[in-house]
Amino acid sequence: MSDTTEKPAGGMNRRDFLKAGLAAGGAAAFGGAAAAAENDPLITEVQDWNRYLGAGVQAAPYGVPSEHEPHVVRCDVEWLTASTESSVNFTPLHELDGIITPNGLCFERHHGGVADIAPADHRLMINGLVDTPLVFTMQNLMRFPRENRVYFLECAANSGMEWRGSQFNGCQYTHGMVHCVMYTGVPLKLLLEEAGVKANGKWLLAEGADAAAMTHSIPMEKALDDCLVAFKMNGEALRPEQGYPLRLWVPDWEGNMWGKWLRQLEVGDEPWQQREETSKYTDLLASGKARRFTWVMDPKSIITNPSPQMPITHGKGPLVISGLVWSGNGQIKRVYVSIDGGRNWKTARIDGPSFFKALHRFYLDIEWDGSPLLLQSRALDEHGFYQPTKNELRAERGENSIYHNNSVQTWHVKEDGTVENVEVS
Ligand code: CO
């Protein structure tokens with residue numbers, strides 16, 4: 001892999017381009033902006049929004065997006081699952097920027113539908129191998145010291161449908177089971193200390209209050225490290241579909257561990273071997289053996305723009321390539337972008353807040369000459385782990401798996417600006 005810092009494609013760097021634009025008297029203005037037009041009615045005539053009063057306050061007591069943004073929504077894929085109560089939808093990554101996912105766009109994954117729980121009726125019990133079994137109300141939990149953390153959450157099955165070949169035309173579907181939110185909650189450690197974990201208490205069974213009573217074993221070491229019992233996301237109460245009123249946050253680890261509608265934490269001396277950690281959420285290798293307890297989400301990245309749902313519509317010239325990079329395995333050290341299918345790589349620019357255990361936003365600003373591109377991005381973490389190519393992943397894990405696909409994604413940008421999901425060998 002070559003890490004070059006040469007001029008962007010097209011042979012003209014941003015400064016040269018600005019100069020050229022200025023030299024031409026603004027005719028080739030920056031970013032493709034047009035010279036001031038004398039007969040553009042949007043400029044020369046008073047528009048309705050300028051002529052009449054707009055809506056007053058309280059038109060929307062809880063604010064909603066502009067009516068011009070109806071396409072920015074979560075989407076499901078009907079044929080993927082038998083019913084909506086045990087299903088998934090996907091975050092529209094191609095429509096977002098920065099690192100924070102708006103609450104209403106965080107992907108959903110339910111196994112028994114969205115539980116409807118009034119906070120006053122919710123209880124969290126800690127029992128099992130503890131000195132004092134305890135039951136917490138939401139009001140009790142509000143009296144413990146709180147922390148705020150920005151974490152990514154990725155479903156273990158994110159990109160799972162792409163394992164055997166390119167399938168979905170859009171990063172919303174190939175990579176949209178990830179979101180990144182600021183959570184407010186109580187460190188799990190404080191609650192466990194309150195109950196007093198016995199010396200042989202090495203595992204936790206987290207259980208949800210939903211109709212599926214989702215369960216998952218968590219090693220005590222992780223529970224005492226960085227887990228939160230959280231009640232806010234991006235400053236407001238959890239959304240019902242994200243576990244209202246209480247959810248477990250298990251940073252860096254696969255999303256199914258992040259128990260929603262959290263009602264019980266049982267302390268035991270070994271893992272429980274429940275359904276979601278045996279027949280599901282284990283990774284079947286070519287040998288017929290399965291990897292299990294594969295919790296950490298490995299380094300991964302995806303170009304969100306351009307992408308199949310976000311083609312290039314502005315023609316040649318300045319092009320902002322943008323994407324997301326994250327790792328549950330340590331700090332992201334760098335993210336590379338290739339426009340030629342992985343032959344050459346450039347270091348992308350990471351911009352904005354870059355929190356440990358969060359999504360990071362990257363950009364590569366190029367001059368597009370209108371020729372086809374094979375866009376890829378590749379993450380590198382502090383331990384020297386690269387995102388594998390699809391073939392590297394298959395060579396190691398076979399083709400049975402759906403979980404933990406962190407391989408490099410390729411987008412084929414065509415001359416007309418449309419984009420397709422492809423593989424390069
Ligand atoms: Co796993």
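1. A salt bridge here is a side-chain nitrogen of Lys or Arg within 4 Å of a carboxyl oxygen of Asp or Glu. The model is a predicted one, and by this rule the count comes to 19 salt bridges. Side chains of opposite charge can pair when their charged atoms come close.

2. A good pair to begin with is E207 and R263, whose side chains meet with N and O 2.7 Å apart. E207 sits in strand β8 (residues 203-208) and R263 in strand β13 (residues 262-268), so this salt bridge, with N and O within 4 Å, links distant parts of the chain, 56 residues apart. E207 counts as buried at 16% relative accessibility, while R263 is partly exposed at 34%.

3. Next, have a look at D226 and K357, a salt bridge with its closest N and O atoms 2.5 Å apart. D226 belongs to the loop between α7 (220-225) and β10 (228-233), and K357 to the loop between β20 (349-351) and β21 (360-368), so the pair ties together parts that are 131 residues apart in sequence. Both partners are buried: D226 has a relative accessibility of 11%, and K357 has a relative accessible area of 15%.

4. R74 and E108 also form a salt bridge, the closest N and O atoms being 3.6 Å apart. R74 is in the loop between α3 (48-51) and β2 (75-76), and E108 is in the loop between β3 (89-90) and β4 (123-128); the pair therefore ties together parts 34 residues apart in sequence. R74 is partly exposed, at 22% relative accessible area, whereas E108 is buried at 15%. You may like to view this pair together with E241, since R74, E108 and E241 are linked in a network of salt bridges.

5. On the cysteines: how many disulfides does a search of the whole structure find? The result is 0 disulfides. For C75, the nearest cysteine sulfur is that of C171, 12 Å away, and a disulfide would need the two sulfur atoms within 2.5 Å. C75 is partly exposed, with a relative accessible area of 22%. C155 is in no disulfide either, the nearest cysteine sulfur being that of C106, 14 Å away; C155 counts as buried, at 5% relative accessibility.

6. Finally, which residues of helix α6 (residues 188-195) are buried? They are L188, L191, L192 and A195. Seen down the axis of α6, the buried residues fall within an arc of 100°, so they line one face of the helix. An α-helix has 3.6 residues a turn, so residues three or four places apart point the same way. After α6 comes G196, with a positive phi near 80°.

Note on methods:
Residues numbered from 1 in each chain as written. Predicted model: local features only at pLDDT ≥ 70, side-chain atom pairs only at ≥ 80, totals over all residues. Heavy atoms only, no water. Buried < 20%, exposed > 50% of the residue type's maximum accessible area, 1.4 Å probe, protein only. Helix = DSSP H or I, 4+ residues; strand = E, 2+ residues; numbered from the N terminus. Arc of directions from axis to C-beta.
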